[in-house]
Structures are given as C-alpha cells and as structure tokens.
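Open the model in your viewer and follow the stops below. Each one gives a selection and what is there.

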Amino acid sequence: MFVLELTYTAPLDAVDAVLPDHVAWLERQYDKGLFLASGRKNPRDGGVILAVTGDRAEIEEVVATDPFVTAGVCSYRVVEFLATKTGPELERHRQTLG
C-alpha cells in the first residue's frame, strides 16, 4: 500500500486551472481499483492519496501521468507501507509480515 503526498509547487490559481484534468485522472485510477481514498490537505497546500498495488514502479509510472505533475504544479512523495492492521472495510488489503 502507498501513501501519496502531493505538495503544490505553484500558486493555487495555476493548480485550479489543471484541477478538472486531475479529477478525471483520479477517476480513472479509482476505476482501475488503484486508489482507495484521496483529498486535499488542510491547509490547502497539496493532497493525499491512498493507493494499493504491490508494485512501486507502477505507482511511480501512474504518478508521472498526473496532470498536476505534467503541468508542473505539484510534486509527489511516495511512501510505501505494509497495512498489517485495517478496519473491516479494508480487510482485503491487509498484509502480513514475512
């Protein structure tokens, strides 16, 4: 599982100009089953996405296609972690230490 932290690198008006394309990109990732949750940080200086896949290279490829990235208005920090405890809703994504 991955926590993707977005940090805006441009003024909010530049971010907002790309927002519709970013939202469409998010929807495609949800449709693929890659993203579990996403939203703005508070204060609004970026966002957070919870993603699930076993392949860091896949996540990095997907992140590179985010319109926010291609427009140069944000950077990503990708944090991989093992979800060894989850609520019932995420039980199918639970991992074991090995």
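For the pocket stop, Ala, Val, Leu, Ile, Met, Phe, Trp, Tyr, Cys and Pro count as nonpolar, Asp, Glu, Lys and Arg as charged, and the others, Gly among them, as polar. This is a predicted model: local features need pLDDT of at least 70, side-chain atom pairs pLDDT 80 or more, while totals for chains, interfaces and linings use all residues. Numbering runs from 1 along each chain as its sequence is written, and side-chain values use heavy atoms, without hydrogens or water.

**Pocket.** Select Leu19, His22, Leu26, Gly39 and Arg40. Of the 14 residues lining the largest pocket, these are the closest to its centre. Its volume is about 170 Å³. The lining has 8 nonpolar, 5 polar and 1 charged residues. β1, α1, β2 (35-40) and β3 each give two or more residues to this lining.

**Core.** Now select Leu4, Trp25, Phe35, Ile49, Ile59, Phe68 and Tyr76. They have the most contacts inside the largest nonpolar core, which has 20 residues. Elements giving two or more residues to this core are β1 (2-8), α1 (12-31), β3 (46-51), α2 (56-64) and β4 (74-80).

**Tyr76.** Zoom in here. Leaving aside neighbours within four places in sequence, Tyr76 is in contact (heavy atoms within 4.5 Å) with residues including Leu4, His22, Trp25, Ile49 and Val63.

**Helix α2.** Which residues of α2 are buried (under 20% relative accessible area, 1.4 Å probe, protein chains only)? Select Ile59, Val62 and Val63. They lie on the same side of α2, because they cover an arc of only 100° around the axis. These buried residues pack against β1, α1, β2, β3, α3 (67-70) and β4.

Notes
Core = buried A, V, L, I, M, F, W, Y, C linked by side-chain atoms within 4.5 Å. Buried < 20%, exposed > 50% of the residue type's maximum accessible area, 1.4 Å probe, protein only. Helix = DSSP H or I, 4+ residues; strand = E, 2+ residues; numbered from the N terminus. 1 Å grid on protein atoms, 1.4 Å probe; cavity = no way out; pocket = protein on both sides within 12 Å on 5 of 7 lines; lining within 4 Å. Points joined across faces, edges and corners; volume = space filled by probe spheres on them. Arc of directions from axis to C-beta.
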